[in-house]
Amino acid sequence: MTEAPPKIAIRGLHKRFGEKVVLDGVDLDIARGESLVVIGGSGSGKSVLIKTIIGLLQPDSGSIRIDGEETAGLRGRERDRVVRKFGMLFQGGALFDSLRVWENVAFGLIQGQRMPRAKAREIALEKLAQVGLGPEVGDLSPAELSGGMQKRVGLARAIATDPEIIFFDEPTTGLDPIMADVINDLIVDCVRRLGATALSITHDMASARKIADHVAMLYQGKIIWHDRVELIDSTDNPYVDQFIHGRAEGPIKMQLRR
Amino acid sequence: MNPLATIGRIFLAFLATTGRITIFTARSLSHCVTPPFFPRLIIRQMIEIGYYSLPVVGLTAVFTGMVLALQSYTGFSRFSAESAIPNVVVLSITRELGPVLAGLMVAGRIGAAIAAEIGTMRVTEQIDALTTLSTNPFKYLIAPRLIAGLTTLPLLVLVADIIGVFGGYLVSIYKLGFNPATYLKNTIDFVDFIDVVSGLVKAGVFGFLIALMGCYHGFHSRGGAQGVGAATTNAVVSASILILSFNYIITELFFSA
């Protein structure tokens, strides 16, 4: 039996900023339709990893294959074509504050796909309903929304173009535990509905357990553990064990001083 | 500390920044002339840069024209050369003061606003979000501002020229006792087409520089509110210095031959 090729395959990914090495040879496979959560401490390079995969940052070396196609180093039109496969929920929502909520959600449809505004608005309101927001929210400006609502709008915007791959950057950071769980449920629901491949980064273990099929841990620029989420509690990896139990003592030393 | 090493470091940093700005400019320009265009955004920026700057630029121009007439009178009346006042006013305004003062006022108003807006979009990841939504931030954010700056400032300066000359006229007629008809005739006789054109060319260059500095510093701002604040300051200061130095260069090109 031959295995299906992974949706995203990363080999030997390196990225450094000046002297500081952030990604030091990351290898990672994400299967089609799988939800992978990358965990790791603050400053471990999780954000750099997803920004490099989606093309917001250029890797120094290494390979990123999406559907078997090498995307590292793509530019212009080729890059645009690849970016269309992605949706992304940003940590702070990153809603455009000069536009109304529905225009935010419809942005990818109107600007990216040149869809007429009326039709895009219809889809935007549909997506807003999917994340539990009524049509009256559509005409508000993002500044009028609470943090949880902004996250929902961000989620609606990420799924508006029905992407094949969705990235979630710290989806629950800054939310209360109940709202965090609501967002987790929405993520699971949206990903399942689209049949999308999902990659999330978080340091919130409750969130990771809820949305992950697989979990990978990033430490010092490398993936040090990658397995099914059910196995995370029985691992003998001391780093993972320390991280998921949130202990200050252990093999991971917080760099308190530079 | 070795003083030579410090000088060397500053010089290298200067060269690196010049290179970065050059690459940024080239990239922005290439996006200005290739589709897709965003006419709605261009018009919105033109209104912001042109229409909403009219009051402040108009006030600057009228007072400048007035004080020009007053000061040249103090000097010229000693040599009974009062008849040269219309000449001085119209040439100073159209060639130099109109474009430079309007440029500096707009740099403070618009350069700062552009840097703050784009800088905030950068630190809140809105610029990254644009990219993930298949929209090039150079086309969506930067090109409309550059096009609007380049095209709107000459119109603004044309208005400022007229208001400035009118300021000089007011003082000359009502305070210094000139004959209105003679004053106007002298003004029109003295001003050449090239005087106005050189001022408008300057205005276009200044408008482009203001928008470019706002976009560049905003686009590269880092580190939260403080970074955006620094970007705003840098945008205004660098735009002002560039305006004054390009003003000399363009004057040299037009009138030194």
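This is a short tutorial dialogue on reading helix packing, an interface and a few local features in a predicted model.

Me: Let's start with the fold of chain B. How many helices and strands does chain B have?

Reply: Chain B has nine helices and zero strands. Read along the sequence, the pattern is therefore simply α-α-α-α-α-α-α-α-α. The C-alpha trace of chain B spans about 65 × 55 × 35 Å along its principal axes. Please keep in mind that this is a predicted model.

Me: With helices like these, how should I describe a packed pair?

Reply: Two packed helices are described by the angle between their axes and the distance between the axes. Take helix α3 (residues 54–76) of chain B and helix α6 (residues 137–174) of chain B: they pack at an angle of about 40°, and their axes are 7 Å apart. The crossing of α3(B) and α6(B) is right-handed.

Me: Which residues make the contact of α3(B) and α6(B)?

Reply: From α3(B), the contact residues include B:Leu54, B:Val57, B:Gly58, B:Ala61 and B:Gly65. From α6(B), B:Leu156, B:Ala160, B:Gly164, B:Gly167 and B:Gly168 are among them. By class, the contact of α3(B) with α6(B) has twelve nonpolar, six polar and no charged residues. A word of caution when you read those classes: Gly counts as polar here.

Me: What does α6(B) do with helix α7 (residues 180–190) of chain B?

Reply: The axes of α6(B) and α7(B) come within 10 Å and cross at roughly 145°. This crossing, too, is right-handed. On the α6(B) side you will find B:Val165, B:Gly168, B:Tyr169, B:Ser172 and B:Ile173, and they meet B:Pro180, B:Tyr183, B:Leu184 and B:Thr187 in α7(B). The contact of α6(B) with α7(B) divides into six nonpolar, three polar and no charged residues.

Me: And how do helix α4 (residues 85–123) of chain B and α6(B) cross?

Reply: Their axes come within 7 Å and cross at roughly 145°. Once again, α4(B) passes α6(B) in a right-handed crossing. The residue classes of the contact of α4(B) with α6(B) are 16 nonpolar, six polar and three charged.

Me: Now to the interface. How do I put a size on the contact between the chains?

Reply: The size of an interface is often given as the accessible area lost when the parts come together. Between chain B and chain A, the buried area is about 1,700 Å², and carbon and sulfur atoms give 59% of that. On the side of chain B, B:Glu125, B:Thr132 and B:Leu133 lose the most area to chain A, together 35% of what that side buries. You can also count residues: 16 from chain B and 23 from chain A take part in the contact.

Me: How many salt bridges and polar contacts does the rule find across the interface of chain B and chain A?

Reply: There are two salt bridges across the interface. One example is the pair of B:Asp128 and A:Lys51, whose side chains meet at 3.4 Å, N to O. The interface also holds four residue pairs in polar contact, with both residues at pLDDT 80 or more. Helix α5 (residues 126–132) of chain B gives the largest share of the side that touches chain A, six residues. That side of chain B has seven nonpolar, six polar and three charged residues.

Me: How many salt bridges are there over all chains?

Reply: A search of the whole structure finds 28. In chain A, for instance, A:Arg209 forms a salt bridge with A:Asp233, with the closest N and O atoms 2.9 Å apart. This pair links distant parts of the chain: A:Arg209 lies in helix α8 (residues 205–211), and A:Asp233, 24 residues apart from A:Arg209, lies in the loop between β10 (222–228) and α9 (238–245).

Me: Last, the backbone. Where is B:Pro36, and what kind of peptide bond joins B:Pro35 and B:Pro36?

Reply: The bond is a cis peptide bond, with omega about 0°. B:Pro36 sits in the loop between α1 (3–32) and α2 (39–49) of chain B. In chain A, look at A:Asp67, a residue other than glycine with a positive phi near 55°. A:Asp67 is in the loop between β4 (61–66) and β5 (69–70) of chain A.

Key:
Residues are numbered from 1 along each chain as its sequence is written. Chains are lettered from A and ligands numbered from 1 in the order in which they are written. This is a predicted model: local features need pLDDT of at least 70, side-chain atom pairs count only at pLDDT 80 or more; totals for chains, interfaces and linings use all residues. Side-chain values use heavy atoms; hydrogens and water are left out. Axes are lines fitted to C-alpha atoms, for helices over the stretch in contact, and angles run from 0 to 180 degrees between N-to-C directions. Helices (H or I, at least four residues) and strands (E, at least two) are DSSP runs, numbered from the N terminus. A crossing is left-handed if the near helix is turned anticlockwise from the far one by less than a right angle, and right-handed if clockwise. Contact means heavy atoms within 4.5 Å. Buried area is the accessible area (1.4 Å probe) that two parts lose on being put together, summed over both. A salt bridge is a side-chain nitrogen of Lys or Arg within 4 Å of a carboxyl oxygen of Asp or Glu. A polar contact is a pair of N or O atoms within 3.5 Å; within protein, one must be able to donate a hydrogen and the other to accept it, and residues adjacent in sequence count only if both atoms are side-chain atoms.
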